[in-house]
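Reader: I am new to reading protein models. Please take one part and walk me through it closely.

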Amino acid sequence: MEQTKFNQFPFKPFIIDAVKALGFYEPTEIQARLFPSLLKGETAIGQSQTGTGKTHAYLLPLIQRIDPSNENVQVVITAPTRELANQIYQDALHVLKFAPENETISAKCFIGGTDKQRTIDKLKSQPQLVIGTPGRIKDLIAEKALFVHQAKALVVDEADLMLDMGFIEDVDKIGGNMPEKLQILVFSATIPEKLKP
């Protein structure tokens with residue numbers, strides 16, 4: 001098996017296994033740039049087009065930093081569309097299925113257009129990794145079904161689209177329920193003026 005250049009980063013063995021299974025041998029430019037700071041828990045703004053490997057640029061370090069023994073929500077990833085949220089969720093599941101039994105991490109995808117009450121009923125235990133659309137995540141927090149007050153990281157993917165679609169307020173409200181010391185990751189194909197603050 002060819003060595004993967006992902007080994008230069010301090011990833012858990014199961015993450016390296018997942019990367020190999022995906023056929024990734026060398027980190028993309030954005031991954032190589034972001035891994036070191038994201039693994040340290042630093043906040044970052046990434047400008048990148050689709051197809052640059054940006055999803056794994058934040059997914060891998062965030063999965064690395066989730067503590068499997070802590071049963072609270074630790075990472076929240078927001079995306080402007082159901083399709084994108086679902087795609088990120090599938091990417092996350094692909095990595096998580098390599099986790100050994102003692103390092104299992106739970107992930108859930110929350111998007112609009114699904115039965116909210118059924119979702120709330122199913123939230124007896126909190127997922128460690130939450131992925132979804134801002135409106136639905138905000139609703140679940142408001143309903144006291146989802147508890148994000150101990151989360152370590154918040155991702156705003158496709159932030160320019162979030163702005164266009166009017167979701168930035170929802171994202172603000174989600175962030176408002178999280179700790180002061182929060183790792184915030186913003187990804188956008190363009191950084192419009194309105195997004196700079």
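Which residues have the most contacts inside the largest nonpolar core, and how many residues does that core have?

Author: A word first: this is a predicted model. The largest nonpolar core has 41 residues. Those with the most contacts inside it are Phe11, Tyr58, Ile63, Ile77 and Leu129.

Where do the core residues come from? Several elements give two or more residues each. Among them are the helices H1 (13-22), H2 (29-39), H3 (54-65) and H4 (82-96). Strands S2 (75-78), S4 (129-132), S5 (153-156) and S6 also belong to that list. H4 gives the most, with seven residues.

Start with Phe11. Set aside its neighbours within four places in sequence. Phe11 is then in contact with Phe6, Ile16, Phe35, Leu39, Leu60, Pro61 and Gln64. There is also a second, separate core of 22 residues. That second core includes Val73, Val148, Leu154 and Ile174.

Now the rings around Phe11. Ring pairs link Phe6, Phe9, Phe11, Phe24 and Phe35 into a cluster. The structure holds six aromatic pairs. Take Phe6 and Phe24. Their pair is stacked, at 6.4 Å centre to centre and with 25° between the planes. Phe6 sits in the segment before H1, while Phe24 sits in the loop between H1 and H2. The two are 18 residues apart, and the pair links distant parts of the chain. Phe6 is buried, with a relative accessible area of 0%. Phe24 is partly exposed, at 25%.

Phe9 and Phe35 pair in another way. Their ring centres are 5.0 Å apart and their planes lie at 80°, so this pair is edge-to-face. Phe9 lies in the segment before H1 and Phe35 lies in helix H2, so the pair ties together parts that are 26 residues apart in sequence. Both Phe9 and Phe35 are buried.

Next, the sheet. Its strands supply part of the largest core, including residues from S2, S4, S5 and S6. The sheet is open and has six strands. Their order is S1-S6-S5-S2-S4-S3, and the pairing is parallel. S1 and S3 (107-110) are the edge strands, since each pairs on one side only. Neighbouring strands are turned by 15° against each other on average, direction ignored.

Look inside the sheet at S2 and S5. They run parallel, and four bridges join them. Val75 has Ala153 in S5 as its bridge partner. H3 packs on this sheet and touches S2, S4, S5 and S6. The direction of H3 makes about 165° with that of S6.

Move out to the edge strand S1, residues 44-47. S1 pairs with S6 (residues 183-188) in the parallel sense, over four bridges. Gly46 stands opposite Phe187 in S6. In a regular strand, side chains alternate between the two faces of the sheet. S1 shows this alternation. Ala44 and Gly46 point to one face and are buried. Ile45 and Gln47 point to the other face and are not buried.

Phe187 leads back to H3. Lys54 is found in that helix. Lys54 is in contact with Phe187, and also with Ile30, Ser48, Asp157 and Glu158, leaving aside its neighbours within four places in sequence. Is Lys54 buried or exposed? Lys54 has a relative accessible area of 8%, and the cut-off for buried is under 20%, so Lys54 counts as buried. Thr28 is 26 residues from Lys54 in sequence, yet their C-alpha atoms are 8.4 Å apart in space.

Compare a residue of H4, the helix that gives the most to the core. Arg82 is found in H4. Arg82 is partly exposed, with a relative accessible area of 43%. Beyond its neighbours within four places in sequence, Arg82 is in contact with Ile111, Gly112, Gly113 and Thr133. Arg82 and Leu62 are 20 residues apart along the chain, and their C-alpha atoms are separated by 21 Å.

One last helix: H8, residues 168-176. Its buried residues are Asp170, Val171 and Ile174. These cover an arc of only 100° around the axis, which puts them on the same side of H8. Glu169, Asp172 and Gly176 are exposed on the other side. The cover over the buried residues includes S2, H6 (134-142), S5 and H7 (159-164). Ile174 is a name you have met already: it is one of the residues of the second core.

Key: Residues are numbered from 1 along each chain as its sequence is written. This is a predicted model: local features need pLDDT of at least 70, side-chain atom pairs count only at pLDDT 80 or more; totals for chains, interfaces and linings use all residues. Side-chain values use heavy atoms; hydrogens and water are left out. Buried means under 20% relative accessible area, exposed over 50%, partly exposed in between (1.4 Å probe, protein chains only). Two strands pair if DSSP finds at least two bridges between them. A nonpolar core is a set of buried Ala, Val, Leu, Ile, Met, Phe, Trp, Tyr and Cys residues joined through side-chain atoms within 4.5 Å. Contact means heavy atoms within 4.5 Å. Rings of Phe, Tyr and Trp (its six-membered ring) pair if their centres lie within 6.5 Å; planes under 30 degrees apart count as stacked, over 60 as edge-to-face and the rest as tilted. Axes are lines fitted to C-alpha atoms, for helices over the stretch in contact, and angles run from 0 to 180 degrees between N-to-C directions. The arc is that of the directions from the helix axis to the C-beta atoms.
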